[in-house]
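Please open the structure in your viewer and keep the sequence panel at hand. The tour below proceeds by selection, with a short account of what is found at each stop.

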Amino acid sequence: MKVLIFFLLTTSCVQAAVKPDKCWLDQKFSMFIHWGLYSELGGMWAGKPVTSGYSEQIQAHGGIFGDWYAAVAGRFLPGCWNADTVVALAKKAGMKSVVFTSKHHDGFCMYHSKYTDYNIVDATPFGRDVMKELAEACRRQGMRFGVYFSLIDWHFPQAYPISSHNADPLTPEHYEYNRKQVEEILTGYGPVSEIWFDMGSLTLQQSRGLYRLVDSLQPGCMISGRLGNDCSDFSVMADNEYPEEKIGVPWQTAASFFDETWGYRSWQKRGDPRVKTAEKIKSLVKVVSRGGNYLLNIGPKGDGSIVSFEREVLEKIGKWLEKYGEGIYGTQRNPFDRLYPGQEITLKGDCMYIFTDSLPDLQSIRLDGLRGNILAASYVGGGEIRFGRENGEWHLYGKNDRQPESPFTVICLQLARGWKIEPLLSPGKKHNLLVPAEAVPLYAYSSIDYYTGFRSMIAYTWGFEEAAPKIRPVVFYTDNEKGKDICMRVDGKEKRIRLEGGRKVKPASLLAGEKVKPGKTWIKNSGSVFGSRPLSGKKVYPGEEGSGWEEWTGFRWGAIQERKARERSSVLLLQELEAEKAGDWMVEVGSGNGIQVILNGEYISVHTSPRGQVYNRETVLLPLKKGKNQLLLKLYNRFEKKLCFSLDTCENAFIYRLEAGEYLLKPEKRHRCEVHLWHPEVPNRAMRLNNLRIKW
Ligand code: JFZ
């Protein structure tokens, strides 16, 4: 419904004040430009390559004194710079906007700032406002213009000094300075399509303040997730990240040509442009088919010219898009619940585009769950492709007389009106019972700062089979969910349900203490970003030598544990549990600034502390299986000196039972149920409904 409203309200890309901005969502492919004083150094200092860190951060990684680095401005004379050429290249590559580094971590402004003379107009012999030139070139050529703005600043005297992690807080003076600069950028350079804030650790007030400032000056300007504290309009995925999960908020993957750097590096080994072209086309298709925008970076040289390798690759991508762009622009993400390896899918109305790396080699593609009719199927670029149904599922059949295309063979299916995708049946689904652990989750990205972000769950979807024409579900919840308003939609019919006033019950599925025997407890220190998953496989083998796990014989249930902790670090706690039978077991978990609860390798709950507290308690229902279970807690500390946590049993556990009324089912075998918060205040924040159970 929301999407529909956006469609109706925003008709032109000139002035769109509704967020998410439809024009931004439709961009699909944009150019990122990292260009600054560092480009003049090109990854070299004192005649030697600086091999650690990104080249745009050479000041930090090369250990360069501030005054020595600033002196580079004295010889910054980019005679080859031509904004129109850059914009024309972006256009030729099929990009729809350009995002330019107004100020990077070094604090040097690539525009004429009146709040510092450390800028390209006042500090260099060049003396031209290149950002103004770029903004104007964009306007001339019908491209959208956006800016990157570093929240940290290594030059501003009242800011925190250079650190290894770039996630420092902002002093009040520095925050004020940033505000003034953001204001001059948003008032002096025409419409800005997005502002790409980066790094730093802001307080909630600071993030909110900057968000509101941007919103008041340019309501249509999309704000990046790196502003922190979930004050954003779109989420930024890691370099070259293509989420396998469904993402329910606007998002973008920013990517560099080479993992090692964003800024120009003279000694970069670049390889074959055809290989790079195929790699970047694959990335673009993956991002777009998952619903995101792809922001591909170039790093011009200090003289302002574009690296010929980058130009060549962009032109090749543009050529490819001329032919296959119909499957990219104006499309929506893959409508299937599941991704198929080697196949990326986009959708435009009743046209489905399939980007495959196998056909015609493999002969056939199966489209599991596609219901309705296919009117026509053809290769984009010419040629029919045969299709037919086998055992109720659609198949496409390749031909041996055709060469697969690189990097994808692209197929267009014309579907008959009214087609749909059948919901996936949850794998472990028990009859008449829907549990979060068996749902297909919809995700967002919640982040307080770069190191304190995680894939947040914002909705659950289940497929279920039911022969009856209607159901009367009851919803079970615990004290954690009490008071929340949820939206429960069954076969498209939604109801608002307030989780309150339910009757206290002890369902048969709730395991009592004596049915569960705790085994050994293990502990391990861990670093890394909070949201990264602590294990790859399903099972941990803590006893193994060199695994870093220590058995914790002194562990006491219910006691608050205090451990000294480094900044931005975490503790992993592994508890073995043996259950007499399968069922829900309730525990109370106390955690620090963030917690991941993982049972037998599957996420149960993951969130950061709601209001920045250092110790939070919550009850968690663990859907134990019969026999041995592994409960893993990842407990995270941001900036405290110690980490407090606990794990307790809930002997007097009960849950609440609430009638959800009647739902009429469509006359079909398989049905869909969706649950999410009713109008969440903040789209990225985890809904935290993991204790919910729905039964009828
Ligand atoms: C940041 C900057 O520090 C860097 O210099 C560059 O500007 C880049 C675009 O943004 O670095 C990051 C931060 C996070 C990720 C990648 C690069 N990430 O999440 O993968």
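Begin by selecting T461 together with E674: the bridge partner of T461 in β41 is E674. Please bear in mind throughout that this is a predicted model.

**The two strands around this pair**

Extend the selection to residues 453–465, which form strand β23, and to residues 670–677, which form strand β41. The two strands pair in the antiparallel sense over seven bridges. A further point of reference is A459, whose bridge partner in β41 is H676. In general, the strands of a sheet pair through backbone hydrogen bonds, in either a parallel or an antiparallel manner.

Keep β23 selected and display its surroundings. Of its 13 residues, 12 are buried, so the strand is largely enclosed by the rest of the structure.

**The hairpin**

Next, add residues 440–447, strand β22. Strands β22 and β23 run antiparallel and are joined by eight bridges. To locate the register, select S446 and its bridge partner in β23, F454. A hairpin of five residues leads from β22 to β23.

**The whole sheet**

Which strands complete the sheet, and in what order do they lie? Colour β9, β22, β23, β41, β26 and β27, which follow one another in that order. These six strands form an open sheet with mixed pairing. At the edges stand β9 (246–247) and β27 (493–498); each has a single partner strand, so one side of each is left without a neighbour in the sheet.

**The ligand site**

Now centre the view on the ligand. The ligand is surrounded by 15 residues, and the closest are H34, E56, Q57, H104 and H105. Three polar approaches to ligand oxygen atoms may be displayed with the distance tool:

- H34: a polar side-chain atom lies 2.7 Å from an oxygen atom of the ligand.
- E56: a polar side-chain atom lies 2.5 Å from an oxygen atom of the ligand.
- Q57: a side-chain N or O atom is 2.7 Å from an oxygen atom of the ligand.

Taken alone, the ligand exposes 450 Å², of which the protein buries 91%. If the shell is coloured by residue class, seven residues appear as nonpolar, four as polar and four as charged.

**Backbone features**

Most residues other than glycine have a negative phi, and most peptide bonds are trans. Three places are worth selecting with that in mind.

Select S406 and P407 first. The peptide bond from S406 to P407 is cis, with omega near -5°. P407 is in the loop between β18 (393–397) and β19 (409–415).

Then select A46, in the loop between β2 (44–45) and β3 (48–49). Phi of A46 is near 50°, a positive value in a residue that is not glycine.

Finally, select R568, in the loop between β31 (561–564) and β32 (569–579). R568 is not a glycine either, yet its phi is positive, at about 50°.

Is each of these residues buried or exposed? A46 counts as exposed, at 65% relative accessibility, whereas R568, at 18%, counts as buried.

**The full chain**

Zoom out to end the tour. The chain contains 12 helices and 42 strands. Its radius of gyration is 27 Å, close to the 26 Å that the globule rule gives for 696 residues, so the chain is as compact as a globular protein of that length. Along the principal axes, the C-alpha trace spans about 80 × 65 × 50 Å. Buried residues account for 58% of the 696 residues.

Definitions and conventions. Residues numbered from 1 in each chain as written. Predicted model: local features only at pLDDT ≥ 70, side-chain atom pairs only at ≥ 80, totals over all residues. Heavy atoms only, no water. Pairing = 2+ DSSP bridges. Helix = DSSP H or I, 4+ residues; strand = E, 2+ residues; numbered from the N terminus. Near = heavy atom within 4 Å. Polar contact = N/O pair within 3.5 Å; in protein donor to acceptor, adjacent residues only side chain to side chain. Areas by Shrake-Rupley, 256 points an atom, 1.4 Å probe, with all protein chains shown as cover. Nonpolar A, V, L, I, M, F, W, Y, C, P; charged D, E, K, R; others polar. Rg over C-alpha atoms; globule rule 2.2 N^0.38 Å. Buried < 20%, exposed > 50% of the residue type's maximum accessible area, 1.4 Å probe, protein only.
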